[in-house]
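Work through the exercises below with the sequence and the 3D view at hand. Try each task before reading its solution.

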Amino acid sequence: MSSCTAFEGIYQGEKAIWLKAGRYEAAFLPGVGANLIAFRDTTSGSRFLHEPAENEMPAFKANPGIHGIPVLFPPNRYEDGKFPWNGRVYQLPVNEEATGNHLHGFAHTAVWKVLQFGGSNRESFVEAALTVDEEHSIYQYLPFRFTIRIKYVLSEDGLFQHIFVRNDGKEAMPCLLAFHTAINAPFTPNGSAKDYRFKATIGERWELNERMLPTGKFQPLSDQEKQIQGEGIYPFFEALDNHYTVKPQNGRNLMELTDTKEGITLVYDVGTSYKQWMIWNNGATEGFFCPEPQINLVNAPNVDLPAEEIGLFSLAPGEIWEERARLYIKG
């Protein structure tokens, strides 16, 4: 591969770190929640992630949830904003009026600090950190001292992601995290969504109540959802805002999206620490959908089920949790 580079630049008016490696390029926005906003194949013209148009940038920066790869910590919904933990109940702001819940945490809107970026003959990379202590605005809601680091590496093997969470405090803290990854369908320049099929390592579907919170029960999978587990299905076959357990296949936890006309498959391979999937397709609107790998069940601290089953992870003082993922092309 020719020399790979990383450099400071601009993306739609926002400061960015650009990565280039062979046919691929990517853009990273440290000032908007460490969002990896673009992953592109410059040879074919494919754009794999849902990017904001220039006139969408103000809305994106105000609520960066459906473009690129937003970091959610803690992810998804918490009933009435209540977050019980180790005998105390923390109050998160209710920011979803329709349900009366807190939604998606704080990391995806925070400013992250770039630690390093660079390139070599084989890859380019960027690493950033979010450090929370008594001085950080997040601390008033989740009074824990911790560091989240994220690293992206771009190479001929696609886009690699490494996520790292360390408890810097003196008491056990919750470690609940997800990525609201927004995948284009179609991702090829002249592709049609009708030619696209996706599959994912979903297991059982959680029943959700009218506030989009799990009841603790499962619902039977439809015939179409069984196709998600198997041969794949058109991503917009019906409106999806569904929550599933993870059922790894062949030792892997992943989503695959295939352009059947071009014979190209985008693989989103995530680690098995993610115990749940959220699948959301914007009301079955063609263009993009979000296969979201999630550590924990929605509203997990408020659900009376075994912690390991619902991904209610904790970190002891000084303890580290980490996981990796990769987006790449096959075919």
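Helices (H or I, at least four residues) and strands (E, at least two) are DSSP runs, numbered from the N terminus. The model is predicted, so local features need pLDDT of at least 70, side-chain atom pairs count only at pLDDT 80 or more, and totals for chains, interfaces and linings use all residues. Residues are numbered from 1 along each chain as its sequence is written, and side-chain values use heavy atoms, with hydrogens and water left out.

**Exercise 1. The largest pocket**

Task: Find which helix gives the most to the lining of the largest pocket, and sort the lining by class.

Solution. Begin with the terms. On a 1 Å grid over the protein atoms alone, a pocket is an open set of points with protein on both sides within 12 Å along at least five of seven lines; a cavity is a set where a 1.4 Å probe fits but cannot get out; lining residues have an atom within 4 Å of a point. Grid points are joined across faces, edges and corners, and a volume is the space filled by probe spheres set on the points.

Step 1. The volume of the largest pocket is about 440 Å³. It is lined by 22 residues, and those closest to its centre are Asn63, Ile66, Leu103, His104 and His180.

Step 2. At least two lining residues come from each of α1 (57-62) and β24 (276-280). The most come from α1, which gives three.

Step 3. For the classes, Ala, Val, Leu, Ile, Met, Phe, Trp, Tyr, Cys and Pro count as nonpolar, Asp, Glu, Lys and Arg as charged, and the others, Gly among them, as polar. The pocket lining then has 11 polar, seven nonpolar and four charged residues.

**Exercise 2. The cavities**

Task: State how many cavities of 30 Å³ or more the structure holds, and describe the linings of the largest and the second largest.

Solution. Step 1. There are two such cavities.

Step 2. The largest encloses about 50 Å³. Among its lining residues are Phe73, Phe83, Phe144, Phe146 and Met173. By class, this lining has nine nonpolar residues, with no polar and no charged ones.

Step 3. The second largest cavity encloses about 40 Å³. Its lining includes Ile69, Leu159, Gln161 and Arg326. Here the classes are six nonpolar, one polar and one charged. Strands β14 (158-167) and β27 (320-330) each supply at least two of these lining residues, and β27 gives the most, with three.

**Exercise 3. Strand β13 and its partners**

Task: Which strands are joined to β13 by bridges, and how many of its residues are buried?

Solution. Step 1. Two strands pair if DSSP finds at least two bridges between them. Strand β12 (residues 123-132) runs antiparallel to β13 and is joined to it by 10 bridges. One such pair is Thr131 with Thr147 of β13.

Step 2. β13 also pairs with β14, again antiparallel and over 10 bridges. Leu154 stands opposite Leu159 of β14. The two strands are joined by a hairpin through two residues.

Step 3. Buried means under 20% relative accessible area, exposed over 50%, and partly exposed in between (1.4 Å probe, protein chains only). In β13 (residues 146-155), eight of the 10 residues are buried.

**Exercise 4. A residue in a loop**

Task: Is Asn190 buried or exposed?

Solution. Step 1. Asn190 sits in the loop between β17 (183-185) and β18 (196-200).

Step 2. Its relative accessibility is 79%, so Asn190 counts as exposed.
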